[in-house]
Amino acid sequence: MEGGLDYDRSQFNRTTQACRQPGSVFKAIYYALALDGGQYTMGSVLEDKPYVPEPGELWNPQNIGQTLDGKVLLRTALIKSLNLPSIRLFVSLGADKVVAWARRLGFTTELIADRALSLGASCVHTDELSRAFSIFVRGGSWVDPVYIRRVIDKRGQTLLDQRHPLDAGLDVAGRLDRMAALAVHGPRQVVDDRTAFLITRLMREVVTAGIGGRASQIGVPAGGKSGTASKNAYTTDTWFVGFTSRHMTAAWMGDDTYERSLGDEDASYTTATPMWTQFMAGVVAGIPHENLPLHRPPGISSRNVDARNGEEPSAGMPSATLYFKD
């Protein structure tokens, strides 16, 4: 955990104390809700048309690059981080239901239940955002961040041991002890394992076929979601929350006071995503990793389709593999 640049200059821990807008990172949260309820699938068609403001409404969101494709698959909307179809998906789910779902995933900050939440306009804590993504990657099981690995008293007695079985400081016996402890006090399941598989698969495709392609350069399978937040047309927060089969890492870039902008053109894929990539390339070097998602649970089927419309693949056109709950 890195909470700041210099503890002597500032004791403020941005990982646990800062509350920042996650931008499009939050899309992964309610896309998971959409896939969980059964009303939507990866192949559902969403409208990618101009936003129609309410009377007197000033908010007028657009896609990156002001693109409009008419209709897109739900898969495409997430991996390309398209704002307009995402807003329509959010509205159809209901803001209150999205907030309730976020609470289920462990978010404790105030989440304002309006349309702007669809683009991550309410602030969150970095550690809670990371935990929510970890739940997805772990197949839907709850996990708490561990800040203290072990406490030993002056007599050498262990008072607290929260090390993971893969901790480099453990010998074989220690690994077995920790595995036994986790088996007795295992994590609780908070999300259907099939839902967790589907959203993890989509975030894997964010890296392999979407807007997070830079993260593929770390050399092992990775997934994640980027996000950019702005204020008065200036970029204030950029994110990439990413994962491998062994690590979950959130990278954030911004200014504590909102006085300095990251520029009016910069987005997460030019700032936070490269930062995450550079850091993770060193972390994963020389360590074997598995593919993602880690496990395909029972009750999941797949189909190869035309990536543009979800129909039968066409010769010479891009195709995609979509996964569905049986």
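This is a chat about one predicted model, taking in a sheet, a helix pair and a few single residues.

Student: Before we start, what sort of model is this, and what counts in it?
Tutor: It's a predicted model, where local features need pLDDT of at least 70, side-chain atom pairs count only at pLDDT 80 or more, and totals for chains, interfaces and linings use all residues. Residues are numbered from 1 along each chain as its sequence is written, and side-chain values use heavy atoms, with hydrogens and water left out.

Student: OK, the sheet. What's the strand order?
Tutor: The order is 5-6-7, in an open sheet of 3 strands with antiparallel pairing. Strands here are DSSP runs of E, at least two residues, and helices are runs of H or I, at least four residues, both numbered from the N terminus. Two strands pair if DSSP finds at least two bridges between them.

Student: Which strands stand at the edges?
Tutor: Strand 5 (223-231) and strand 7 (248-254); each has a single partner strand, so one side of each is left without a neighbour in the sheet. The twist averages 10° from one strand to the next. Angles like that run from 0 to 180 degrees between N-to-C directions, and axes are lines fitted to C-alpha atoms, for helices over the stretch in contact.

Student: How many bridges join strand 5 and strand 6?
Tutor: There are 9, in the antiparallel sense, with strand 6 covering residues 234-243. Ser226 has Phe240 in strand 6 as its bridge partner, and Gly224 stands opposite Gly242.

Student: And what's in the turn of that hairpin, between strand 5 and strand 6?
Tutor: There are 2 residues between the strands, and Asn232 takes a positive phi near 55°.

Student: How does strand 6 pair with strand 7?
Tutor: Antiparallel again, over 7 bridges. Val241 has Ala250 in strand 7 as its bridge partner, and this hairpin has 4 residues between the strands.

Student: Is strand 6 mostly covered or mostly open?
Tutor: Mostly covered: 9 of its 10 residues are buried. Buried means under 20% relative accessible area, exposed means over 50%, and partly exposed is in between, using a 1.4 Å probe and protein chains only.

Student: Which helix lies across strand 5 and strand 6?
Tutor: Helix 7 (residues 193-208), running at about 75° to strand 5.

Student: Let's pick a residue there. Is Ala196 buried or exposed?
Tutor: Ala196 sits in helix 7 and is buried, with a relative accessible area of 0%. Leaving aside neighbours within four places in sequence, Ala196 is in contact (heavy atoms within 4.5 Å) with Ile135, Phe136, Gly139, Gly140 and Val191. The C-alpha atoms of Ala196 and Ile211, 15 residues apart along the chain, are 21 Å from each other.

Student: What about Thr249, where is that?
Tutor: Thr249 is in strand 7, and it's buried too, at a relative accessible area of 16%. Beyond neighbours within four places in sequence, Thr249 is in contact with Phe240, Val241, Gly242, Trp276, Phe279 and Met280.

Student: Changing topic: at what angle do helix 1 and helix 5 pack?
Tutor: At about 40°, with their axes 10 Å apart; helix 1 is residues 27-37 and helix 5 is residues 126-137. The two are therefore oblique to each other. For the cut-offs, angles under 35 degrees count as roughly parallel, over 145 as roughly antiparallel, 65 to 115 as roughly perpendicular, and the rest as oblique.

Student: Which residues meet in that pair?
Tutor: Ala28, Ile29 and Ala32 in helix 1 meet Ala132, Phe133 and Phe136 in helix 5. The contact residues divide into 6 nonpolar, no polar and no charged. Nonpolar takes in Ala, Val, Leu, Ile, Met, Phe, Trp, Tyr, Cys and Pro; charged is Asp, Glu, Lys and Arg; the others, Gly among them, are polar.

Student: How many residues of helix 1 are buried?
Tutor: 9 of its 11, including Lys27, Tyr30 and Leu35. Helix 1 is followed by Gly38, whose phi is positive, near 90°.

Student: Last one. Where does Ala113 lie?
Tutor: In the loop between helix 4 (95-104) and helix 5. Ala113 is partly exposed, with a relative accessible area of 38%. Not counting residues up to four places away in sequence, Ala113 touches Ala95, Asp96 and Val99. The C-alpha atoms of Ala113 and Val98 are separated by 8.1 Å, with their positions 15 residues apart along the chain counted as the spacing.
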